[in-house]
Amino acid sequence: MSLSGLIRALPKAELHLHIEGTLTPERMWSLAQRHGITLPYESVDAITDAYQFSDLQSFLDLYYQGADVLRDEQDFYLLMQDYLASCNAQNIVHAEIMFDPQTHTKRGVGFDVFMPGFLKALEEAKQMWGITSTLIMCFLRDLPESDAFDTLAQAEPWYEHITAVGLDSAEVGNPPEKFTDVFAQARARGFKCVAHAGEEGPPEYIVQALDVLHVNRIDHGVKCELAPALMARLRDKQIALTVCPQSNLKLCVIDDMAQHNILRLLDAGLLVTVNADDPSYFDGDLVANFMALERELGMTAAQLRQLVINGFTGSFLPEAVKARHI
Ligand code: HPA
Ligand code: ZN
């Protein structure tokens, strides 16, 4: 089988995926029409054309604006359903899906609106396609820690459906240590922890995420290569990095995919995984990310297989279930 065929055929896990980042221009358009919202775009194509970013913040501005079309339970159901249908098409059999409550609660859209929509679509996908999933509730790091505490409290009725808490949004200037106390409380309540670190920010943020937030894995983490001692630690402890190559290219973390360090990190023995991050904004789902590694970096079949295995190893699936996938 060709490598592209293998990329499609292998059952895969996705560990770094923002559900709000799966909002397709077509769905944004149809939801805007449904709610009588005037978008700052003339057509679906104009939305796609606007997706040119110079850094993380330039993306976040459009990403938060786009989420404004998500108003009622049905919108969140359709959003999740679209993503899960794409999982089925890509042979993603397990997805650990991030959502940003504060993006919605600050607009007056509460947990009782988005959670039922998400859960209905997740349950249907499990029944129809056997896709398993976990939810990761992310705190927006550009907001104060007190807002994250409020969010953790508001989520209480839904705790049984949420596996982990995470940290996303504007990284530089918002170090992990800003969220020390809320992560401690989340851990005490039984949540696993993840954090975006070392996407645009320095290796020191990765160290803080590990030492201060006690995260189970690091989202992105590509800047670890600047700190050899940290790289050795990530390798020795087999801490998963959820790397998003196409995202790094679109947000100018790298200038050219040929420069991406993912295969160097893999060959150095780190537990790196491949993920889409925000597929609708970064012009690439999980399969497209793997295809880019084949095309631009000459990924081999052995490297592909290891990356796919790492996706299950780094997941929050129970060990016995992981073993069935590996
Ligand atoms: N980084 C930080 N915040 C985000 C991202 C990202 O890549 N995607 C969605 N929110
Ligand atoms: Zn992300």
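Guide: A residue is buried if 20 or more other C-beta atoms lie within 10 Å of its own. The model above is predicted, and helix 2 (residues 25-35) serves as the opening case.

Visitor: Which residues of helix 2 are buried?

Guide: Pro25, Arg27, Met28 and Leu31 are the buried residues of helix 2. Viewed down the axis of helix 2, these residues fall within an arc of 160°, so they line one face of the helix.

Visitor: What covers the buried residues of helix 2?

Guide: The cover includes helix 3 (44-50), helix 4 (56-66) and helix 5 (73-90). After helix 2 comes Gly36, with a positive phi near 65°.

Visitor: Where is Glu199 placed, and is this residue buried or exposed?

Guide: Glu199 is in the loop between strand 5 (192-197) and helix 10 (203-211). Glu199 counts as buried because it has 24 C-beta neighbours inside 10 Å. Leaving aside neighbours within four places in sequence, Glu199 is in contact with Leu56, Glu171, His220 and Val253. An unreviewed UniProt entry places the feature "active site" at Glu199.

Visitor: Which residues surround ligand 1?

Guide: Glu199 is one of them, and the others are His18, Gly21, Leu56, Asp168, Ser169, His196, Ser247, Asp277 and Asp278. By class, this shell divides into one nonpolar, five polar and four charged residues.

Visitor: Which residues of helix 10 are buried, and what covers them?

Guide: In helix 10, the buried residues are Tyr205, Ile206, Gln208, Ala209 and Leu210. Among the elements that cover them are strand 5, strand 6 (217-220) and helix 11 (228-237).

Conventions
Residues are numbered from 1 along each chain as its sequence is written. Chains are lettered from A and ligands numbered from 1 in the order in which they are written. This is a predicted model: local features need pLDDT of at least 70, side-chain atom pairs count only at pLDDT 80 or more; totals for chains, interfaces and linings use all residues. A residue is near a molecule or strand if its C-beta atom, placed from the backbone, lies within 6 Å of it. Ala, Val, Leu, Ile, Met, Phe, Trp, Tyr, Cys and Pro count as nonpolar, Asp, Glu, Lys and Arg as charged, and the others, Gly among them, as polar. UniProt positions are given in the numbering used here, feature names are shortened, and annotations may be inferred rather than shown by experiment. Helices (H or I, at least four residues) and strands (E, at least two) are DSSP runs, numbered from the N terminus. A residue is buried if 20 or more other C-beta atoms lie within 10 Å of its own, exposed if 12 or fewer, and partly exposed in between; C-beta atoms are placed from the backbone. Two residues are in contact if their C-beta atoms, placed from the backbone, lie within 7 Å. The arc is that of the directions from the helix axis to the C-beta atoms.
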